[in-house]
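Q: I am new to this structure and would like a close look at a single part of it. Please begin with the main sheet and then follow what can be found around it, step by step.

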Amino acid sequence: MIRFCKIASAFVLVVLILSSCATVADKGRPYYDFQSMGEENVIVVTVDARKEPELILTAFSDLEEFARRSRRVSLSLRPTSDAYPLEPDSLSAYGVVEGDYPKFLINTGMMYAKELERKGNSDGLIWFSQKNGPVSLYTPKNDKLLFTNDSYEQSYASFAAKNRLIDDQTAMQMAQSSIAVYSLHPETFFDLGLGLPDTVIRQAKLMLLLINSDETGSYFLDAYITMDTTRLASTLSQMVRTAYLARLKREKIPYTIADLMKMFLIEDDRVTIKQMELGEEQMQALRQSLGGML
């Protein structure tokens, strides 16, 4: 949907390849751009590009050098339909790509891209938009490219405000994961391969999914899902546990009841899932969903 890389000109690639840009870490309290994305009914996705280079390369299509220079891609995905699972084409979205992207050179390159036209407003804000498409983008500061398929002005306002809608502790957990997904009061969600009906998704107060891989390439999910009631939390835990147990039996994977008890925990209205291994089928579905949104 937002494959903005396809509108970049060869000039952008040239200046990227010929340039280098040193970055200095911010001092003091860490802040992540995705923290300002955590509004209600928005799905926030952030991907560590260094841990997931293949996923990022797929999203950037044939712009390998651009993908190689990226460090993190964060997306704010606001569904325009409550259809479940989430439809990638039914999203109002903006994103921030962090990487080695010098502001002057990238913006100069976009100025020469035939597919783009320069726009601005009375406040002095400047950006580029597709002549025949919905995407707008600009590099507002060194090492950060902001893009959207909606209003660039609104996206920039959210980006510049730096509101910590996602608390620091949660943001740190997300930043340390290969792939992290956060949603406050979701109305729909993408398919997790867990067999969850839309009724469960819509009764969740908060969903936080943290996905990481080990040295063997296996992926594991840590999930923290707060439901509307304690009863719903118990129902959710039972549904996920039953689906996971069925997969273990189907794939003839050994397990113990003690391990399952440690993996699925309930505390009042919150369900915690710890180190649940994701099968190849689940990861493939997840990559397809994320790849379609990037």
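The sheet and its surroundings

A: In this predicted model, 12 strands form an open sheet with antiparallel pairing, and their order across it is E4-E5-E6-E7-E3-E2-E1-E8-E9-E10-E12-E11. At the edges are strand E4, residues 116–120, and strand E11, residues 264–267, each of which pairs on one side only. Going from one strand to the next, the twist averages 15°. The chain that carries this sheet has 10 helices and 12 strands.

Two neighbouring pairs give a closer view of how the strands are joined. Strand E9, residues 204–213, runs antiparallel to strand E10, residues 219–227, and 9 bridges join the two. Within this pair, Leu-209 stands opposite Ala-223 of E10. At the edge formed by E11, the pairing with E12 is again antiparallel and extends over 4 bridges, with Leu-265 having Thr-272 of E12 as its bridge partner. E11 and E12 make a hairpin with 2 residues between the strands, and in this hairpin Asp-268 takes a positive phi near 55°.

Helices lie across the sheet, and two of them can be placed against particular strands. Helix H6, residues 168–175, lies across strand E1 (43–48), strand E2 (70–79), strand E8 (179–184), E9 and E10, and runs at about 35° to E9. Helix H8, residues 230–250, lies across E10, E11 and strand E12 (270–278), where the angle to E12 is about 15°. Strand E10 is thus named in the account of H6 as well as in that of H8.

From here one can turn to the nonpolar side chains. The largest nonpolar core has 83 residues, and those with the most contacts inside it are Phe-34, Met-174, Phe-189 and Met-276. Phe-34 lies in the loop between helix H1 (10–18) and E1. Is Phe-34 buried or exposed? Phe-34 is buried, because its relative accessible area is 0%, and a residue counts as buried when that value is under 20%. Leaving aside residues up to four places away in sequence, Phe-34 touches Val-44, Thr-46, Arg-72, Ser-74, Ile-166, Ala-171, Met-174 and Ala-175. Its C-alpha atom is separated by 7.6 Å from that of Ser-76, although the two residues are 42 residues apart along the chain. Met-276, another of the residues with the most contacts inside the core, touches Leu-194, Tyr-219, Phe-220, Leu-221, Val-240, Tyr-244, Met-263 and Phe-264, again not counting residues up to four places away in sequence.

Aromatic rings add a further detail to this picture. The structure holds 7 aromatic pairs. In one of them, the rings of Tyr-32 and Phe-34 have centres 5.4 Å apart and planes at 15°, so the pair is stacked. Elsewhere, ring pairs link Trp-127, Tyr-152, Tyr-156 and Phe-159 into a cluster.

The loops hold some special backbone features as well. The peptide bond from Tyr-84 to Pro-85 is cis, with an omega near 0°, and Pro-85 lies in the loop between E2 and strand E3 (91–99). Lys-162, which is not a glycine, nevertheless has a positive phi of about 55°, and its place is in the loop between helix H5 (152–161) and H6. With a relative accessible area of 42%, Lys-162 is partly exposed. Lys-252 also has a positive phi, near 55°, in a residue other than glycine, and this lysine sits in the loop between H8 and helix H9 (257–263). Lys-252 is exposed, since its relative accessible area is 75% and the term applies over 50%.

Taken over the whole chain, buried residues make up 50% of the 294 residues. Among contacts with a separation of 6 or more, 67% are accounted for by residues 24 or more positions apart. The chain exposes about 14,500 Å², and carbon and sulfur atoms supply 50% of that area.

Key: Residues are numbered from 1 along each chain as its sequence is written. This is a predicted model: local features need pLDDT of at least 70, side-chain atom pairs count only at pLDDT 80 or more; totals for chains, interfaces and linings use all residues. Side-chain values use heavy atoms; hydrogens and water are left out. Two strands pair if DSSP finds at least two bridges between them. Axes are lines fitted to C-alpha atoms, for helices over the stretch in contact, and angles run from 0 to 180 degrees between N-to-C directions. Contact means heavy atoms within 4.5 Å. Buried means under 20% relative accessible area, exposed over 50%, partly exposed in between (1.4 Å probe, protein chains only). Accessible areas come from the Shrake-Rupley method with a 1.4 Å probe; for residues, only the protein chains shown count as cover. A nonpolar core is a set of buried Ala, Val, Leu, Ile, Met, Phe, Trp, Tyr and Cys residues joined through side-chain atoms within 4.5 Å. Rings of Phe, Tyr and Trp (its six-membered ring) pair if their centres lie within 6.5 Å; planes under 30 degrees apart count as stacked, over 60 as edge-to-face and the rest as tilted.
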